[in-house]
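Trainee: I'd like to learn how to read a model like this one, feature by feature. Could you walk me through it?

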Amino acid sequence: MNKIKLNNGLSLPQLGFGTYKITDEEILDKLLPKAVDLGYELLDTASYYNNERAIGDCICRHTLFGKLKVCTKIWPKDYGRDQTLYSIEKSMKNLRLDKLEGLFLHWPSEDFEESWKALEEVYEEGLCNFIAVSNFHKQHLEKLFVHANIKPAIDQLETHPLLQQKDMKEYLSQHNIQLEAWSPLARSVERLTDTAVIEEIASKYHKSPQRIVIRWHIEEGNILIPKTSKLERLEENKEVFDFSLSREDHNKIAKLDSGIRVSQDPEDENWLKEIREK
């Protein structure tokens with residue numbers, strides 16, 4: 001598995017898996033042990049996903065302690081130093097872990113500066129290996145830098161061929177912050193194959209469109225966390241290290257960048273206010 005070095009010297013697997021909306025314990029009981037068997041390490045969750053306890057119970061039942069690098073995220077309703085510390089404590093208890101791989105602020109809502117201070121405290125106490133943000137754009141990071149003693153190691157952004165985040169990626173690179181792609185397949189690979197470009201490249205290499213997109217992320221230097229609840233898809237997602245895309249392929253995919261989002265815009269102030277309350 002390829003690894004990416006973060007700005008604190010930590011190396012993180014480039015390919016992990018997400019667990020958004022996966023709350024069924026029977027599915028997790030099959031998914032997590034299979035992921036470990038396949039060589040996955042990086043697992044992404046969040047307090048908002050309402051599955052931390054189920055994941056923790058699964059880790060316990062299958063004695064997966066030390067085999068998964070678990071990252072979670074703080075939801076904006078828990079922003080503010082004390083609330084964030086409480087949220088972290090609750091997440092760690094639910095996950096049955098005494099140390100997390102990474103802690104993220106989920107969205108750039110009000111009071112994220114105070115929450116970042118809480119993450120710095122937890123990091124300095126050795127309770128996580130890195131601290132990071134999710135859905136932060138340039139203006140949010142600039143505001144964070146004013147108050148931060150520690151820069152985020154990662155910015156987790158919606159990133160896929162239809163939303164390639166080129167400007168943000170350049171900005172993050174200037175500040176030695178790694179981009180991590182969530183929704184790396186734009187939630188549905190069918191959405192990406194509407195243009196026929198991905199289908200044509202897939203046919204060229206005799207690979208599925210999904211593998212082509214994941215390989216594109218790998219070669220673009222993104223960490224990515226595709227979400228799946230299907231064992232066969234989990235295995236398929238990992239079978240991307242036996243081929244490389246040509247420069248011509250990359251150029252074709254680059255032309256798909258159209259700014260299309262499949263989720264919320266981090267610059268939507270009404271949305272950011274709304275999630276501060278729910």
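**Reading the model**

Mentor: Sure, starting with the backbone: threonine 63, just after α2, takes a positive phi of about 45 degrees. Keep in mind that this is a predicted model.

Trainee: Let's stay with α2, then. How many residues of helix α2 are buried?

Mentor: Helix α2 covers residues 52-61, and 7 of its 10 residues are buried, so the helix is largely enclosed by the rest of the structure. The buried ones are Glu52, Ala54, Ile55, Gly56, Asp57, Cys58 and Ile59.

Trainee: What do the buried residues of α2 pack against?

Mentor: Their partners are α1, the strands β4 (42-44) and β5 (69-74), and α3 (81-95).

Trainee: Take the α1 partner. What do I look at when two helices pack?

Mentor: In general, two packed helices are described by the angle between their axes and the distance between the axes. Here, the axes of α1 and α2 come within 9 Å and cross at roughly 55 degrees. That makes α1 oblique to α2, and the crossing is right-handed.

Trainee: Which residues of α1 and α2 meet there?

Mentor: From α1 you have Glu25, Leu28, Asp29, Leu32 and Pro33, and they meet Ala54, Ile55, Asp57, Cys58, Ile59 and Arg61 of α2. By class, the contact has 7 nonpolar residues, no polar ones and 4 charged ones.

Trainee: Can I try the same reading on α9 and α10?

Mentor: Go ahead. Helix α9 (residues 209-220) and helix α10 (residues 231-238) have axes that come within 9 Å and cross at roughly 45 degrees. α9 and α10 are therefore oblique to each other, and this crossing is right-handed. Gln210, Arg211 and Ile214 of α9 make the contact with Arg233, Glu236 and Asn237 of α10. This contact of α9 with α10 divides into 1 nonpolar, 2 polar and 3 charged residues.

Trainee: Now the interior. How should I think about a nonpolar core?

Mentor: The general idea is that in soluble globular proteins, nonpolar side chains tend to be buried together. In this model the largest nonpolar core has 66 residues, and Leu32, Leu68, Leu103, Leu105 and Leu141 touch the most other members. Helix α1 (residues 25-38) gives this core its largest share, 6 residues. Apart from it lies another core, of 13 residues, including Ile4, Leu6, Leu42 and Ile225.

Trainee: Leu32 turned up in the α1 contact as well. What is leucine 32 in contact with, leaving aside its neighbours within four places in sequence?

Mentor: With that exclusion, leucine 32 is in contact with Phe17, Leu43, Ile55, Cys58, Ile59, Leu64 and Leu68.

Trainee: And loops? Is glycine 80 buried or exposed?

Mentor: Glycine 80 is buried, with a relative accessible area of 9%, and sits in the loop between β5 and α3. Not counting residues up to four places away in sequence, glycine 80 touches Asp111, Glu114 and Ser115. As for separations, glycine 80 and arginine 187 are 107 residues apart in sequence and 31 Å apart in space, C-alpha to C-alpha.

Trainee: One last loop residue. Why does lysine 207 count as buried?

Mentor: Check the cut-off: buried means under 20% relative accessible area. Lysine 207 has 18% relative accessibility, so it counts as buried. Its place is in the loop between α8 (197-205) and α9. Beyond its neighbours within four places in sequence, lysine 207 is in contact with Ala202, Ile212, Asp242 and Phe243.

Terms used. Residues numbered from 1 in each chain as written. Predicted model: local features only at pLDDT ≥ 70, side-chain atom pairs only at ≥ 80, totals over all residues. Heavy atoms only, no water. Axes fitted to C-alpha atoms, helices over the stretch in contact; angles between N-to-C directions. Helix = DSSP H or I, 4+ residues; strand = E, 2+ residues; numbered from the N terminus. Parallel < 35°, antiparallel > 145°, perpendicular 65-115°, else oblique. Left-handed = near helix turned anticlockwise from the far one by under 90°. Contact = heavy atoms within 4.5 Å. Nonpolar A, V, L, I, M, F, W, Y, C, P; charged D, E, K, R; others polar. Core = buried A, V, L, I, M, F, W, Y, C linked by side-chain atoms within 4.5 Å. Buried < 20%, exposed > 50% of the residue type's maximum accessible area, 1.4 Å probe, protein only.
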